[in-house]
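Reader: I am new to this structure and would be grateful for a close look at one part of it. Could you begin at the ligand site and then work outwards into the surrounding chain?

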Amino acid sequence: MITDKNVLRDAVRTAVNSVKITDIHTHLYSGSFGDLLLWGVDELLTYHYLIAEYFRYSDMSYRDFFALSKREQADLIWQTLFLEHSPVSEAQRGVLTVLNKLGLDVRSRNLDSFREYFADMNTQDYIDKVFEISGVKSVVMTNDPFDPLEKPYWDTEGNQDPRFKAALRIDPLLNEYPTSYKKLQDWGYQVSVDLDQRSIDEIKRFLTEWIKKMDALYLAVSLPPNFTVPEDSLRSRIVEQCVIPVCRELNVPFAMMIGVKKLVNYQLGLAGDSVGKAEIQTVEYLCRSYPENKFLVTLLSRENQHELAITARKFRNLMVFGCWWFLNNPSIIDEMTRIRMETLGLSFIPQHSDARVLDQLIYKWSHSRQIIAEVLIDKYSDIIDAGWAVTEEEIKRDVADLFGENFWRFIGRSCD
Ligand code: RAT
Ligand code: ZN
């Protein structure tokens with residue numbers, strides 16, 4: 001039984017630093033997907049979070065910047081965001097953490113020497129290395145059949161690496177049906193733009209076939225702040241008439257990532273999206289109306305976090321997850337994790353990485369582990385002050401739940 005605070009701190013830090021993580025939302029691909037898997041220092045430097053930050057300091061035209069090669073863009077970002085200004089933002093610090101944990105001397109500030117390190121690296125070896133250093137055991141990809149670069153891989157060999165799990169991502173289906181229905185037609189589904197009964201049946205067939213083809217752990221979508229169900233819109237109808245029944249039938253959760261304002265500055269491309277406060281009523285409506293369905297939910301606005309945690313207290317079919325995108329900053333992770341732990345105990349998924357570049361697993365998880373450990377220490381410490389005692393085994397159990405088991409239990413599967 002642990003009652004001593006120093007012993008507690010050590011036990012929690014050890015448990016959190018050694019737990020093997022299931023990362024439930026990334027944009028990574030296994031080696032089977034060829035060039036879709038991004039890794040290395042030039043990819044790290046051209047992460048869209050850093051591109052947005054680069055333009056805070058540069059007056060270069062967007063067009064000129066995006067016309068440059070990846071290496072040239074990385075040179076400019078390194079020069080501007082690391083040499084001309086100290087790299088204190090979370091995304092900047094992330095690059096340093098990665099290089100440092102790989103054993104490179106970041107103080108050398110020598111970008112070419114970092115490039116040399118990656119030059120002879122083999123993809124499979126590097127995947128193993130990053131999983132080892134980051135302590136991640138499995139990652140969930142974001143798999144979009146509407147992506148013309150990704151679909152061919154699924155139509156041939158598919159995913160061969162069991163550490164990488166699939167999630168069927170359906171943004172085009174829900175957010176752009178008036179154009180994407182044509183793709184469904186090309187693939188042999190009998191759908192029409194006005195979403196008649198036959199289209200509904202065919203969309204259900206499409207979802208069912210792709211969930212099975214990918215062995216998707218869940219079905220996912222990113223949505224705007226004003227996402228509303230029910231309403232008289234194609235999206236709302238597809239959610240209620242296609243997504244909900246298929247998810248129920250196959251016992252697959254529906255992951256809603258709500259709060260993205262797409263292309264607020266379209267010239268920035270992927271870096272041009274922003275944030276708005278979501279309507280929690282829609283989450284309440286779906287959880288209440290479909291108690292047999294499971295919902296994984298993350299909201300992008302900080303202003304939504306308290307009400308989302310409260311909503312999860314009302315609905316056990318709702319699993320709150322991650323500190324998404326603009327929320328993936330230390331001060332906000334700390335705040336959100338405290339809100340969630342104080343309202344939900346340990347029944348939530350505190351973090352996902354959203355990594356787009358393999359190497360980012362290293363920094364995203366090392367930074368988050370540190371913050372979550374400190375929150376846990378405070379919470380255990382408070383109950384010790386109330387006369388309770390915890391054991392090392394209990395700490396390990398709780399940590400394993402937060403960093404993976406809560407997810408596997410919620411989706412009703414086990415990590416193989
Ligand atoms: O965090 C990101 O990299 C964003 O660009 C989005 O991809 C977001 O995470 C999403 O999944 O839509
Ligand atoms: Zn994402």
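Author: A polar side-chain atom of Asp354 lies 2.8 Å from an oxygen atom of ligand 1. The model is a predicted one, in which local features need pLDDT of at least 70 and side-chain atom pairs count only at pLDDT 80 or more, while totals for chains, interfaces and linings use all residues; side-chain values use heavy atoms, with hydrogens and water left out. Residues are numbered from 1 along each chain as its sequence is written, and chains are lettered from A and ligands numbered from 1 in the order in which they are written.

Two further polar side-chain atoms meet oxygen atoms of ligand 1: one belongs to His27, at 3.0 Å, and another to Trp324, at 2.9 Å. A polar contact is a pair of N or O atoms within 3.5 Å; within protein, one must be able to donate a hydrogen and the other to accept it, and residues adjacent in sequence count only if both atoms are side-chain atoms. The residues around ligand 1 are His25, His27, His48, Tyr49, Arg169, Ser222, Met257, Trp324, Trp325, Asp354 and Arg356, where a residue counts as near a molecule or strand if one of its heavy atoms lies within 4 Å of it.

The zinc ion, ligand 2, takes its protein donors from His25 (NE2), His27 (NE2) and Asp354 (OD), which lie 2.0 to 2.1 Å from it. Donors are N, O and S atoms within 2.8 Å of the metal (3.2 Å for Na, K and Ca), and the site may look incomplete because water is not among the atoms. Along the sequence, the donor residues follow the spacing H-x1-H-x326-D. His25 sits in the loop between β1 (21–23) and α2 (41–45), and Asp354 in the loop between α16 (330–344) and α17 (360–385), so the pair ties together parts that are 329 residues apart in sequence. Helices (H or I, at least four residues) and strands (E, at least two) are DSSP runs, numbered from the N terminus.

Are these two donors buried or exposed? His25 is buried, with a relative accessible area of 2%, and Asp354 is buried as well, at 5%. Buried means under 20% relative accessible area, exposed over 50%, and partly exposed in between (1.4 Å probe, protein chains only).

The strand β1, which borders the loop of His25, leads to neighbouring strands. Strands β1 and β2 run parallel and are joined by 3 bridges; two strands pair if DSSP finds at least two bridges between them. Ile21 stands opposite Val136 in β2. Of the 5 residues of β2 (residues 136–140), 4 are buried, which leaves the strand mostly covered. Strand β2 is in turn joined by 2 bridges to β3 (residues 164–169), again in parallel, with Val139 opposite Phe164 in β3.

On the other side of the zinc site, the helices that flank the loop of Asp354 carry salt bridges. Arg338 forms one with Asp378, the closest N and O atoms being 3.0 Å apart. This pair links distant parts of the chain, with Arg338 in helix α16 and Asp378 in helix α17, 40 residues apart. Asp378 is partly exposed, at a relative accessible area of 32%. A salt bridge is a side-chain nitrogen of Lys or Arg within 4 Å of a carboxyl oxygen of Asp or Glu, and a search of the whole structure finds 26 of them.

Helix α17 also holds Asp385, which forms a salt bridge with Lys5; the closest N and O atoms are 2.8 Å apart. Lys5 belongs to helix α1 (residues 5–18) and Asp385 to helix α17, so the pair ties together parts that are 380 residues apart in sequence. Lys5 is partly exposed, with a relative accessible area of 27%, whereas Asp385 is exposed, at 56%.

A salt bridge within one helix joins Lys151 and Asp155, at 2.8 Å from N to O. Both residues lie in helix α9 (residues 151–155), 4 residues apart, about one turn of the helix. Lys151 counts as buried at 15% relative accessibility, while Asp155, at 41%, counts as partly exposed.

Helix α14 (residues 280–289) completes this account. Its residues Ile280, Thr282, Val283, Tyr285, Leu286 and Cys287 are buried. The buried residues of α14 pack against α13 (234–250), β5 (254–258), β8 (295–299), α15 (305–314) and β9 (318–320), contact meaning heavy atoms within 4.5 Å.
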